[in-house]
Amino acid sequence: MNRVLRQLEWAPGRRQKLPPEIPLRRLRPRALPAIVSLMRKGQQSWTTGVLPIAVLIAMLLTLMILQLRWSREISEAERDRLEQSLNRSTALFQSAFSRDLLGLCRSLQTPASGDWKSTKSEIFSRYGAWIRVSGRSALVEGIYFRQQTNAGGILHFDPEHQKLVPTAVPASLKEALGQNGRNLPRRPDQWVWDGEMPGLIHPVYVASNTIGASGSVHPQLYGYLIVLFHTRYFEQLYLPEIARRAFPPAGGFLFQIVHQDREGGRHVIYRSAETVPTGAFARADAEASLLPDGGVTRLKSGASSVVSLSSRPPAWWILVRHHAGSVNAAATELRHRNLGISIAVLLVLAASLLIIVLATLRARRLARLEMEFATGVSHELRTPLAVIRSAAENLADGVVTEQNRVREYGTMIHREGRRLSAMVDHILDFAALHSEARTYNLEPVSAASVIQAAIASSLPVAESAEIAIQTSIPGNLPLLNTDPGALRQCLENLIGNAVKYGKDGRKIEITALRGESGLVHLRVRDYGSGIAPEDRPYIFDPFYRGAGARTSAIRGTGLGLSLTRQIMEALGGKVTVVHPPEGGTAFTLHIPTANR
Ligand code: ADP
């Protein structure tokens, strides 16, 4: 007897109760050392697996820090780039204006060597030429002349009739000549831009009658040429056009052209984006007058003719801001966008890492469960086999001859054989489900018939465990649309578990209920010790066996519930479990009915 028990001791806590007189042959658990060594290897590789994960996490954090720095550098570089582009565009805008203005001055600049008559006809011919070639003739409303002595009032150059016509003084012109009279230009090459008119003022010199000692003729200031700009054209077409060229929409800058009156009040003349409120330019990125610094620009257009352009206090301004609000805001926005994208990428990486870790943990757990399964199943197979073999040998050797004892041996062989085939069936079913080889034939079937069939096959086990099975099946249940064999198998699994784990409760209740939305519920309730909370999340996992099941040496493969769940899902239903507070466990199969 001691020998027998010693040989079976390799599965802790499991001692086969055999009739003492059955002499067992030696059973050597050869597979065990190999399994144990495999499990150890699994643990080792887990230890080594932690290191790469730690390294990956460290790399992820390093990447995050680098990313933070890099995005700051990028944003500063972007700010510099925007500022440079803003300066370039502003310079472009100013140079476009001064180029046009200087072109006009140069065209109208007359030599101071002739008398007034020849100077006048020179101006007519130059003016006419400018109108023909400049392409901007609409910019000039008219050219006027006022003698230095103010005799004859203001004369208008009529290019069509080549005549100087006395005219009423336009208000803007009067102001320019009158109020700022002291600041009127004096040098023959000098042109002054007056933004208030808007227009240009230029002194006209003619040869004087006095001849110098050297015989040279002294030029003498004769009067002023006034080039009056067409205000509407200048404001509404000309300025917006050169501004748009300097600040194209693709550059990301918005602009406003404003006119500043003598009191310093500013009036918006044009804005590049109507949707942006004028107040948004209160803190502009750049503010530029039409001519750089209102300073002097000298242009040499050949050996003789020099034009010098200066400006009275600027009256026209362009205000520029980035469409993001400001250059700073644009750089910050870029930084946030860069950071957002990189953090999203890093998060995706981290999530993938997490998924890999979880998958690895799950794979390891499954591998461990499979190991335990292999250990458990080999034990489960060996024990009944040992009983069957020993009983058969005893019978064959004539050790047992008594009629009663022979019957007892026969029953034992039958019982162990049935348990063996049930176990093999479980494993084959599991394999078939996983290879999707199993097919189901759904047909209308009564719940009562399936329940009765399942009870009939489970009854011997229940009776030997002295457990009563009570049923409650209402008469008006609809027919089920299911595979009766597969459903019976699920029910048998649940009843088998209720018998195995609910022994203390002494009874099992099987209840059928008509559910909502075309379902019938079959509930198997036991009054045993229930499922431990730490086991609950895993009981439907393949090969999982509860700690209690293992320590109290209750036989099983850990496949029953996993099979039940997969079969129920294949049948269009499901299995659920509740843990009543008063103890025990209640599993419910939810099955679709035939007339949904
Ligand atoms: P097995 O019964 O072969 O161990 P199962 O897949 O049928 O495998 O069950 C998985 C685990 O769920 C069991 O090991 C047991 O811990 C627990 N369990 C299942 N049914 C019950 C029940 N009625 N009462 C208590 N525990 C149960």
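A crossing of two helices is left-handed when the near helix is turned anticlockwise from the far one by less than a right angle, and right-handed when the turn is clockwise. That convention is used for the helix pairs below.

## Model and conventions

This is a predicted model, in which local features need pLDDT of at least 70 and side-chain atom pairs count only at pLDDT 80 or more, while totals for chains, interfaces and linings use all residues. Residues are numbered from 1 along each chain as its sequence is written, and side-chain values use heavy atoms, with hydrogens and water left out.

## Overall make-up

The protein has 11 helices and 19 strands. These are DSSP runs numbered from the N terminus (helices: H or I, at least four residues; strands: E, at least two). Of its 596 residues, 43% count as buried. Buried means under 20% relative accessible area, exposed means over 50%, and partly exposed lies in between (1.4 Å probe, protein chains only).

Contacts require heavy atoms within 4.5 Å. Take the contacts between residues at least 6 apart in sequence: 68% of them join residues at least 24 apart.

## Nonpolar cores

A nonpolar core is a set of buried Ala, Val, Leu, Ile, Met, Phe, Trp, Tyr and Cys residues joined through side-chain atoms within 4.5 Å. The largest one holds 54 residues, and Trp193, Leu200, Phe229 and Phe234 have the most contacts inside it. Helix α2 (residues 31-108) gives the most to this core, with 10 residues. Apart from this core lies another, of 47 residues. Ile495, Phe540, Leu559 and Ile591 are among the members of that other core.

Leu200 shows how the largest core draws on several stretches of sequence. With neighbours within four places set aside, Leu200 is in contact with Leu101, Leu104 and Cys105. The list for Leu200 continues with Trp191, Val192, Trp193, Leu225, Ile226, Val227, Phe229 and Leu309.

## The α6–α7 pair

Helix α6 (residues 327-396) packs with helix α7 (residues 403-434). Their axes come within 9 Å and cross at roughly 155 degrees. Axes are lines fitted to C-alpha atoms, for helices over the stretch in contact, and angles run from 0 to 180 degrees between N-to-C directions. The pair is therefore roughly antiparallel. That class takes angles over 145 degrees; under 35 counts as roughly parallel, 65 to 115 as roughly perpendicular, and the rest as oblique. The α6 and α7 crossing is left-handed. On the α6 side, the contact includes Phe373, Val377, Glu380, Leu381 and Pro384. On the α7 side, it includes Val406, Tyr409, Met412, Glu416 and Leu420. By class, this contact has 17 nonpolar, two polar and two charged residues. Ala, Val, Leu, Ile, Met, Phe, Trp, Tyr, Cys and Pro count as nonpolar, Asp, Glu, Lys and Arg as charged, and the others, Gly among them, as polar.

Pro384 sits in α6. Its relative accessible area is 0%, so Pro384 is buried. Beyond residues up to four places away in sequence, Pro384 touches His379, Glu416 and Leu420. Its C-alpha atom is 7.8 Å from that of Arg419, 35 residues away along the chain.

## Helix α9 and its partners

Helix α9 (residues 484-501) packs with helix α11 (residues 560-570) at about 150 degrees, with axes 9 Å apart. The two are therefore roughly antiparallel. Their crossing is left-handed. In α9, the contact residues are Ala486, Leu487, Gln489, Cys490, Asn493, Leu494 and Asn497. They meet Gly560, Leu561, Leu563, Thr564, Ile567 and Met568 in α11. This contact has eight nonpolar, five polar and no charged residues.

Asn493 belongs to α9. At a relative accessible area of 10%, Asn493 is buried. Setting aside neighbours within four places, Asn493 is in contact with His426, Gly560, Leu563 and Thr564. Asn493 and Leu561 are 68 residues apart in sequence, yet 7.2 Å apart from C-alpha to C-alpha.

Helix α8 (residues 447-464) also packs with α9, at an angle of about 35 degrees and with axes 9 Å apart. This crossing is right-handed. Val450, Ile451 and Ala453 are among the α8 residues involved, and Pro484, Leu487 and Arg488 among those of α9. The contact of α8 with α9 divides into 12 nonpolar, two polar and two charged residues.

## After the last strand listed here

Thr593 lies in the segment after β19 (585-592). With 5% relative accessibility, Thr593 counts as buried. Not counting residues up to four places away, Thr593 touches Pro478, Leu479, Leu480 and Asn481, and also Gly518, Leu519 and Val520.
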